[in-house]
Amino acid sequence: MPRDPAWRGRLTGAAVVLLVLWPMLVQAEFKPWILWDAQSLAATWQFIASFVPPAHSLEFLQLVAISSWETIAMATAGMALAMLGAIPLTLLVTERLSISRIGSGRVSPLAASVRHAVRALLVLLRSVPELVWALLLVRIVGLGPTAGVIAIALTYCGMLGKVYAEILESSDASACNALLHNGSGRLQALLYGALPESAAELVSYTIYRWECAIRGSVVMGFVGAGGLGQRMDESMKMMAGSELATMLMVFVLLVAGADAVSAMLRRRLA
């Protein structure tokens, strides 16, 4: 049987990955064998056994339905605010839409300074996870969905602004250049030059982020931002496994529904 000619490279690559990964695993205190400890297995089995049967009283299901709707509303409102902030920031940060580069081909120092400042703002916004924003905002605005909406809006504004700009920068520049060279404004160049070619990719990414916002809304509920996550946190603290089982099933259905909606919209865009 012939030897693999690249076996030395594969072996070296595997050794390098192991050498780099091992200190990180040690630093992270990664100890998966703890899961198979007799005490851990007993506690796990006791907790999982409490999931059966799932809570199904009418009063509880109504409470879960209200919390689920609150989660969807939080994610959607946060995304809407994020887009309101991201679109004007995208206009400022996208070099392809710069009017100052017309003629010389170079962006003016003032325009470049503004662009760098906006890029730094986008980095700041997306560098802080929405969960951290929610923790801070809960202290300011109190418990409830308001903190979650603002947290999603801040983080996702940074994400959307960055990716929107990258999508527009990677599109064909001929239409934008033609409009700008013939006296068009920045907004007109975006709407009639860059947007028609990039619309499908922009909408697809926005829908994907909306999916992520729904999942993030549930997580933020654990820090008091309301919605389904806050109910799950309360049930976990009370060790109410049957309630938790019902909410986990609803959460799975919620994410599956968001995935189905996004898949349908992507098919229509395609």
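A helix here is a DSSP run of H or I with at least four residues, and helices are numbered from the N terminus. Threonine 155, a later stop on this tour, is found in helix H6. The model on the screen is a predicted one.

**Whole chain**

Start with the full chain shown as a cartoon. The chain has 10 helices and 0 strands, so reading along the sequence gives the pattern α-α-α-α-α-α-α-α-α-α under the DSSP assignment. Turn the view to see the extent of the chain: its C-alpha atoms fill a box of roughly 75 × 65 × 40 Å along the principal axes. The radius of gyration is 25 Å, while a compact globule of 270 residues would have one near 18 Å. Of the 270 residues, 35% count as buried. Among contacts between residues at least 6 apart in sequence, 76% join residues at least 24 apart.

**Glutamine 39 and histidine 181**

Select glutamine 39, in helix H2, which covers residues 38-49. Is glutamine 39 buried or exposed? Its relative accessible area is 65%, and because exposed means over 50%, glutamine 39 counts as exposed. Now add histidine 181 to the selection and draw a line between the two C-alpha atoms. Glutamine 39 and histidine 181 lie 72 Å apart in space and 142 residues apart in sequence.

**Leucine 179**

Move to helix H7, residues 174-181, and pick leucine 179. Leucine 179 has a relative accessible area of 28% and is partly exposed, because that class runs between the limits of 20% and 50%. From leucine 179, draw a second line to arginine 266. The C-alpha atoms of leucine 179 and arginine 266 are 29 Å apart, with their positions 87 residues apart in sequence.

**Threonine 155**

Go back along the chain to helix H6 and select threonine 155. Threonine 155 is buried, at a relative accessible area of 1%. Which residues does threonine 155 touch, not counting residues up to four places away in sequence? Show Leu125, Arg126, Val128, Pro129, Glu130 and Trp133 to see them. With tryptophan 133 there is also a polar contact, side chain to side chain, at 3.4 Å.

**Serine 67**

Next, select serine 67 in helix H3. Serine 67 has a relative accessible area of 3%, so serine 67 is buried. Leaving aside neighbours within four places in sequence, display its contacts: Gly227, Leu228 and Arg231. The side chains of serine 67 and arginine 231 make a polar contact at 3.3 Å.

**The largest pocket**

The last stop is an empty space. Rolling a probe the size of a water molecule over the atoms shows where empty space is left. The largest pocket has a volume of about 260 Å³. To find the pocket, select Met83, Ile87, Tyr164, Leu195 and Leu202, which lie nearest its centre among the 13 lining residues.

Then colour the helices that supply at least two lining residues each: H3 (58-93), H6 (145-170) and H8 (186-220). Which helix gives the most to the lining? That is H8, with 7 residues. Finally, colour the lining by residue type: 11 residues are nonpolar, 2 are polar and none is charged.

Notes: Residues numbered from 1 in each chain as written. Predicted model: local features only at pLDDT ≥ 70, side-chain atom pairs only at ≥ 80, totals over all residues. Heavy atoms only, no water. 1 Å grid on protein atoms, 1.4 Å probe; cavity = no way out; pocket = protein on both sides within 12 Å on 5 of 7 lines; lining within 4 Å. Points joined across faces, edges and corners; volume = space filled by probe spheres on them. Nonpolar A, V, L, I, M, F, W, Y, C, P; charged D, E, K, R; others polar. Buried < 20%, exposed > 50% of the residue type's maximum accessible area, 1.4 Å probe, protein only. Polar contact = N/O pair within 3.5 Å; in protein donor to acceptor, adjacent residues only side chain to side chain. Contact = heavy atoms within 4.5 Å. Rg over C-alpha atoms; globule rule 2.2 N^0.38 Å.
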